[in-house]
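Visitor: I have a structure open and want to learn how to read it. Can we go through it feature by feature?

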Protein chains: 2
Amino acid sequence: MKSLKVGIIGLGTVGSGVYKVLKNFKNIEIKKIAVKNINKKREIEDFNYDLLTDNPYEITQDNEIDVVIEVSGGINPTFDILKSAIENKKHIVTANKELLAKKGSELFNLAKEKNVVILYEAAVAGGIPIIMPIKTILCANKITKIAAILNGTTNYILTKMAEQDLSYETALKQAQELGYAETDPTGDVEGFDAAYKIAILSTISFNKKVNINKIYREGITKITAHDINSAKELGYRIKLIAMGQVLSDGKIDVRVHPMLVAKKHLLAKIDNATNSILLRGNPVGDLVFTGAGAGAEPTSSSVAGDLLVLASELEATDSPLPQSVCHHDEIADQINIGDTYNEYYISITASNHPGAIGFIGSVCGKNNINISTIMQKGINDDNTAEIVVITETSKEADVQNALADMLKSDSIKNINNLLRVMN
Amino acid sequence: MKSLKVGIIGLGTVGSGVYKVLKNFKNIEIKKIAVKNINKKREIEDFNYDLLTDNPYEITQDNEIDVVIEVSGGINPTFDILKSAIENKKHIVTANKELLAKKGSELFNLAKEKNVVILYEAAVAGGIPIIMPIKTILCANKITKIAAILNGTTNYILTKMAEQDLSYETALKQAQELGYAETDPTGDVEGFDAAYKIAILSTISFNKKVNINKIYREGITKITAHDINSAKELGYRIKLIAMGQVLSDGKIDVRVHPMLVAKKHLLAKIDNATNSILLRGNPVGDLVFTGAGAGAEPTSSSVAGDLLVLASELEATDSPLPQSVCHHDEIADQINIGDTYNEYYISITASNHPGAIGFIGSVCGKNNINISTIMQKGINDDNTAEIVVITETSKEADVQNALADMLKSDSIKNINNLLRVMN
């Protein structure tokens with residue numbers, strides 16, 4: 001394999017992991033590492049502090065450096081740093097999902113112009129090989145669907161809620177204490193992180209540029225212990241699912257939201273911080289890829305893998321291989337959530353009188369919604385009852401209308417939750 | 001991508017699937033297809049019968065053909081045909097696990113000499129991307145363990161036995177009627193097919209040539225409904241597991257046999273004809289790849305994927321990339337089954353007297369075996385009792401000695417089964 005000189009932007013948890021792995025490869029020379037604080041003590045054996053610089057442009061403008069590895073995250077100043085690196089004809093290996101989801105097109109176009117590649121296996125699902133398989137061995141397939149657990153933090157919280165009968169708040173607190181969730185958990189629990197990842201995955205799977213701003217996104221903060229238990233009773237687990245699909249008219253449906261997943265489905269069996277990606281392709285059928293979606297070690301496997309494959313390719317040819325080049329000239333025509341079709345779980349608090357269930361049924365009927373299961377769950381002290389409805393496949397806009405209609409009636413006290421269902 | 005002219009050896013179920021997929025790619029021209037009977041009617045729309053030849057050497061010696069796709073199976077005459085193709089500097093894409101497991105070294109060495117590649121994603125686990133990920137994006141990892149369900153037929157039979165409480169014979173018969181098992185099921189049910197696949201996977205994962213003849217192999221024909229039920233009661237499912245691992249002394253342990261797999265383990269959740277591969281690597285941790293392990297469509301995804309990636313590489317360079325070349329100069333030092341360490345499930349028929357369990361315990365103790373669970377399951381009409389033992393991790397040779405010791409006693413009527421356990 002070709003010898004490569006690399007510069008690394010960032011030496012946090014992931015950066016340190018990458019450094020430790022790359023040190024083992026004789027053909028990789030780490031020439032410089034850009035950090036915020038060059039005086040900070042690093043927990044790395046025999047670390048050579050002379051590698052450090054606090055000026056990332058020393059790396060991007062170094063004529064000897066072939067590849068810039070970016071593991072610092074965020075948009076500012078990372079976007080400008082990578083732009084400078086590409087302009088100086090460095091190949092890029094990055095784990096930065098937010099940057100790729102928000103500003104990927106600009107970077108990919110510039111890279112194409114400068115004849116360098118941007119590799120990003122580590123940006124989606126940590127150590128799970130998914131980007132390279134889609135771009136290489138699966139390339140004969142027309143991929144029509146992705147359904148995935150792409151955020152370890154939320155899957156950990158939902159697992160603990162289900163296993164230990166905890167409220168969302170308690171499970172979040174435990175996840176924070178154990179380091180699975182950050183002090184400000186917004187990026188994870190509100191689905192932003194999963195949205196960045198599904199934007200990237202959908203773009204390469206469907207070969208159309210997905211706009212992150214048009215992805216419907218709903219987090220897990222409104223999931224209650226009551227929802228988890230009702231789901232269990234009905235044969236489901238609740239998971240935060242990132243999905244993308246190509247509809248029969250060619251339009252693209254990409255979204256992130258919690259779903260009731262049937263217990264027999266492989267994604268229902270993915271517990272704790274594990275990630276898992278179901279990919280439906282023609283001719284391959286359904287594939288499921290499962291593994292650690294975050295952490296220094298799994299992420300460094302993907303970063304080092306991208307780098308070593310690039311070294312192998314550059315040994316044979318100076319130009320990047322066609323399969324490694326990303327350019328999505330076609331824009332995905334993304335539909336709105338109102339136009340999607342789903343099965344639904346609706347949790348309702350109603351007055352405890354005999355007409356309540358009939359009323360719910362008739363409102364659903366008027367809005368073209370067929371009910372497949374309806375379950376009343378005991379009576380509350382205030383003489384209200386919890387009613388759970390599972391619908392057949394219905395249009396989201398119709399369901400929203402039905403919920404609005406229900407709330408007009410005095411007998412419906414509250415719509416506690418509306419979740420989509422995957423069988 | 002580079003335009004490639006290809007010849008196909010074999011036009012059975014898989015060959016027809018490959019033909020249909022490749023027709024969609026403008027840069028792939030199928031120039032000739034070698035079959036046994038050129039007059040047979042083919043179930044392919046708009047099929048051009050002029051492509052057919054009954055002389056495969058017309059393909060291997062055709063100067064215009066760049067790549068030979070082999071989907072005919074078996075060793076004779078396939079080995080000679082592929083040798084001729086390689087000698088004539090054709091790249092090879094093959095789905096032939098038996099040929100690679102038995103004669104791979106010879107073909108890989110010849111290919112290296114002739115500067116061509118042999119690609120074989122389709123030979124292991126059908127449509128699941130596993131060979132290329134190991135050779136590319138996972139290449140920074142030291143892979144230490146593989147545990148896999150690699151044979152769909154046996155997994156289907158074991159699933160039906162567990163779900164419908166069937167005997168092995170009845171489940172096999174149903175599988176044959178539904179086309180999941182062949183009339184002569186030996187290759188599947190005795191573990192030969194899984195052994196070929198784990199030989200290939202272990203060789204590329206551990207970078208040492210695994211000898212197929214040194215793989216311990218045990219099929220599923222001795223699994224009874226009683227075993228399946230006892231396993232269930234103890235919290236396990238029975239699966240035919242192909243495993244390979246690198247031991248701490250560098251020796252290699254490769255084998256195929258049924259195992260009790262703990263219900264919470266992802267492999268226990270793989271039902272019907274689905275395949276699944278657990279790969280343990282450092283730094284990536286545990287990855288699980290799941291999908292269809294056989295069938296025309298999944299297999300053609302892998303064949304076409306190999307071919308299209310090769311076309312992409314040959315667009316950039318005339319030489320195969322280093323990562324695509326297989327040569328395993330080092331021979332794996334494979335241990336015997338007697339030297340392996342496992343937890344065990346032992347099913348025993350003993351006389352129904354109070355000393356039986358004590359006797360079993362003392363024989364185990366004398367042979368360095370700690371028992372973790374012992375369960376007596378009712379009393380038979382002939383005043384014998386079924387006893388099931390689960391051991392802690394023990395050496396296989398010790399367990400075999402213990403079983404021999406038990407059978408010397410009149411109170412032990414039979415050792416019904418000995419199975420290994422995966423938690």
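Guide: Let us begin with one pair of residues. Ile149(B) stands opposite Ser276(B) in S11(B). Keep in mind that this is a predicted model.

Visitor: Which strands does that pair belong to, and how many bridges join strand S7 of chain B to S11(B)?

Guide: Strand S7 (residues 142-149) of chain B is joined to S11(B) by 7 bridges, and the two run antiparallel. S7(B) also pairs with strand S9 (residues 236-246) of chain B, again antiparallel, over 4 bridges. There, Ile146(B) is opposite Gly244(B) in S9(B).

Visitor: Where do I find parallel pairing in chain B?

Guide: Look at the open sheet of 6 strands in chain B. Its order is S3-S2-S1-S4-S5-S6, with parallel pairing. Take one pair as an example. Strand S1 (residues 4-9) of chain B runs parallel to strand S4 (residues 67-70) of chain B, joined by 4 bridges. Within that pair, Gly7(B) has Val68(B) in S4(B) as its bridge partner.

Visitor: Which are the edge strands?

Guide: Strand S3 (52-53) and strand S6 (118-119) of chain B, since the sheet is open and each of them pairs on one side only.Visitor: Now the helices. How is a packed pair described?

Guide: Two numbers do the work: the angle between the axes and the distance between them. Here is a case. Helix H1 (residues 13-22) of chain B packs on helix H11 (residues 296-316) of chain B at an angle of about 55 degrees. Their axes are 8 Å apart. H1(B) and H11(B) are therefore oblique to each other. The crossing is right-handed.

Visitor: Which residues of H1(B) and H11(B) meet?

Guide: From H1(B), they include Val14(B), Gly17(B), Val18(B) and Val21(B). From H11(B), they include Ala296(B), Ser300(B), Val303(B) and Ala304(B). By class, this contact of H1(B) with H11(B) has 7 nonpolar, 5 polar and 1 charged residues.

Visitor: Give me a second pair. At what angle do helix H6 and helix H7 of chain B pack?

Guide: Helix H6 (residues 152-164) and helix H7 (residues 168-177) of chain B pack at about 125 degrees, with axes 9 Å apart. That makes H6(B) oblique to H7(B). Their crossing is right-handed. Tyr156(B), Ile157(B) and Met161(B) are among the H6(B) residues that meet H7(B), where the partners include Tyr168(B), Ala171(B) and Leu172(B). The contact of H6(B) with H7(B) divides into 7 nonpolar, 2 polar and 1 charged residues.

Visitor: What should I look for in the loops?

Guide: Unusual backbone angles. In chain A, Asp165(A) has a positive phi of about 60 degrees, although it is not a glycine. Asp165(A) lies in the loop between helix H6 (152-164) and helix H7 (168-177) of chain A.

Visitor: Where is there a cis peptide bond?

Guide: Between Asn282(A) and Pro283(A), with omega about 20 degrees. Pro283(A) is in the loop between strand S11 (274-282) and S12 of chain A. Chain B has a cis bond as well, from Asn282(B) to Pro283(B), with omega near 20 degrees. Pro283(B) sits in the loop between strand S11 (274-282) and S12 of chain B.

Visitor: Two chains, then. How do I describe the way they are related?

Guide: In general, by a rotation about an axis and a shift along it. In this model, a turn of 180 degrees and a shift of 0.0 Å along the axis lay chain A on chain B, with an RMSD of 0.0 Å. The two copies are thus related as by a two-fold rotation axis.

Visitor: Which residue of chain A comes closest to the rotation axis?

Guide: Phe289(A), whose C-alpha is 2.4 Å from the axis. The same surface serves both copies: 100% of the contact residues of chain A recur in chain B.

Visitor: How many residues of each chain are in contact?

Guide: There are 47 residues of chain A in contact with 47 residues of chain B. On the chain A side, helix H1 (13-22), helix H5 (131-135), strand S12 (285-292) and helix H11 (296-316) each supply at least two residues. H11(A) gives the most, with 14 residues. By class, the side of chain A that touches chain B has 24 nonpolar, 16 polar and 7 charged residues.

Visitor: In what sense do S12(A) and strand S12 of chain B pair, parallel or antiparallel?

Guide: Antiparallel, over 3 bridges. One to find on screen: Thr290(A) has Val288(B) in S12(B) as its bridge partner.

Notes: Residues are numbered from 1 along each chain as its sequence is written. Chains are lettered from A and ligands numbered from 1 in the order in which they are written. This is a predicted model: local features need pLDDT of at least 70, side-chain atom pairs count only at pLDDT 80 or more; totals for chains, interfaces and linings use all residues. Two residues are in contact if their C-beta atoms, placed from the backbone, lie within 7 Å. Ala, Val, Leu, Ile, Met, Phe, Trp, Tyr, Cys and Pro count as nonpolar, Asp, Glu, Lys and Arg as charged, and the others, Gly among them, as polar. Two strands pair if DSSP finds at least two bridges between them. Copies are superposed by least squares on the C-alpha atoms of residues with pLDDT of at least 70 in both. Axes are lines fitted to C-alpha atoms, for helices over the stretch in contact, and angles run from 0 to 180 degrees between N-to-C directions. Angles under 35 degrees count as roughly parallel, over 145 as roughly antiparallel, 65 to 115 as roughly perpendicular and the rest as oblique. A crossing is left-handed if the near helix is turned anticlockwise from the far one by less than a right angle, and right-handed if clockwise.
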